[in-house]
Amino acid sequence: MTPHLTPRRERWLLFTLAGIQFTHILDFMIMMPLGPQFTALFHISNAQFGLLVSAYTLSAGLSGLMAATYIDRFSRKRLLLVMYALFGLATLACGLAPDYLWLMLARVAAGVFGGVLSALSQTIVADVIPFERRGRAMSVVMTSFSVSTVAGVPLGLFLAAHLSWHAPFFGIALLVGLLSLGAWQTLPRLDAHLHHPDRTGVWRGIGQVLAEANHLKAFGVSGLMMFAAFTVIPYITIYLQSNAGMQTAEVPWIYLCGGVATLLSARYFGRLTDRVGKVRVFQRLALAVVLPLMATTLSQGLPLWGLLAISTLFFTVMSGRMIPGMAMISSAVEPRLRGIFMTLNSAVQSASMGLAALVGGLIIGRDDLGQLTDYWVAGLLGTVASVLSAWLAGRLRLHGAPAAAV
């Protein structure tokens, strides 16, 4: 039976999951603003940097596929703590990496363990929080993205600038250790799925998930949602510095302004999701993101305030659509199959992010002046993916939703 938590225990649960998501997201995000440093330090191309970003997400996708075979065999709490500890060790290895090859291997290891964390966190929210409050709950967990951009990325860039690029990874590993102790103390047992009367075998459960057309549509929405963002996001810092003339010291403002805006807007999007409907809000935001997405790839020649305005709007809407998106996707499956479904979904998301970064790196080139070329083509590809995600979302069926509340 799903545990019934008091409002206080529920808040602690959500804050703990948000902290875990914060370190997982920051570990991934910190790579992107460090792009100019890595390309110069390791003498690598845009495509090689894209591969460095993709190494994390592609290994996370593969790990998610493997996790589908065991995720429902263990207590959510026990599995989360083990994977989180291993993720912390892999992040520490990133900080200790002496060159490009070793950093690549460490990123693969971090992806293997980190890829399961997002699926577990979202599964726990869907297991514990009722449908009618799931949008607000997801908004609390998803604020981890905002906090990582507001505080984590600027602080990581500060450490990288004043110490070395190794320092941000050491800091994340230390924070993982502290949060692991907190999670061990605050998380409930979270083993109701082990006693579900309709529980099925692992391979039978995977077969049931993949045989359901509604699940495949949800995976399609999820993959397109992530692909739309990551054709552009990994190369924002490189573009702004090489094409738009932004100075290295000004880069943290991009993440600070974008993070503050997403932090302030997350609760609003969460309430709007529960009030208006998960599908409706997602569709509107998936279409609304097209304008700032394309503007981001065509912002050369704008003053600093213009660059900040566009990037802030881009981060706000891009992050905002994740709240109704994940509340909607986690509701597309019945509870007894949710663990397997969310793990496979995490694999789909990670693979889509990695593929998008790779494709973006192949599309984008450099001219004789060192400026990026064809960045707008990568943005156009992301635009098509976002529009398709909005269309496909309208064909989802959500479990536990009254007809007027989807």
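**Figure 1. Leu89 and the surrounding nonpolar surface patch in the predicted model****.** Leu89 is exposed in this predicted model, with a relative accessible area of 56%; this value is over the 50% above which a residue is classed as exposed. The residue belongs to helix H4, which spans residues 76-96. Leu89 is one of the members of a nonpolar patch on the surface, together with Val82, Leu86, Leu92, Leu96 and Phe170. The accessible area of these residues together is about 520 Å². Helix H4 supplies the largest share of the patch, namely 5 residues.

**Figure 2. The buried side chain contact of Asn345 with Ser222****.** Asn345 is located in helix H16, which covers residues 338-363. With a relative accessibility of 0%, Asn345 counts as buried, because the class holds residues under 20%. The side chain of Asn345 is joined to that of Ser222 by a polar contact of 2.7 Å.

**Figure 3. Asp374 in the loop between strand E2 and helix H17****.** Strand E2 comprises residues 372-373 and helix H17 comprises residues 375-393, with Asp374 in the loop between these two elements. The phi angle of Asp374 is near 65°, a positive value in a residue other than glycine. Asp374 has a relative accessibility of 39% and is therefore counted as partly exposed.

**Figure 4. Leu380 of helix H17 and its separation from Ala228****.** Leu380 is placed in helix H17, the helix that follows the loop holding Asp374. At 41% relative accessibility, Leu380 is partly exposed; the value lies between the 20% limit for buried residues and the 50% limit for exposed ones. Leu380 and Ala228 are 152 residues apart along the chain, and a distance of 9.1 Å separates their C-alpha atoms.

**Figure 5. The whole protein as context for the close-up views****.** The protein contains 17 helices and 2 strands. Of its 406 residues, 60% count as buried. Contacts between residues at least 6 apart in sequence join residues at least 24 apart in 86% of cases. The accessible surface of the protein amounts to about 15,900 Å², and carbon and sulfur atoms account for 69% of that area.

Conventions: Residues are numbered from 1 along each chain as its sequence is written. This is a predicted model: local features need pLDDT of at least 70, side-chain atom pairs count only at pLDDT 80 or more; totals for chains, interfaces and linings use all residues. Side-chain values use heavy atoms; hydrogens and water are left out. Helices (H or I, at least four residues) and strands (E, at least two) are DSSP runs, numbered from the N terminus. Buried means under 20% relative accessible area, exposed over 50%, partly exposed in between (1.4 Å probe, protein chains only). Patches are made of residues with over 30% relative accessible area and no salt bridge: like charges are joined within 9 Å, nonpolar side chains (Val, Leu, Ile, Met, Phe, Trp, Tyr) within 5 Å. Accessible areas come from the Shrake-Rupley method with a 1.4 Å probe; for residues, only the protein chains shown count as cover. A salt bridge is a side-chain nitrogen of Lys or Arg within 4 Å of a carboxyl oxygen of Asp or Glu. A polar contact is a pair of N or O atoms within 3.5 Å; within protein, one must be able to donate a hydrogen and the other to accept it, and residues adjacent in sequence count only if both atoms are side-chain atoms. Contact means heavy atoms within 4.5 Å.
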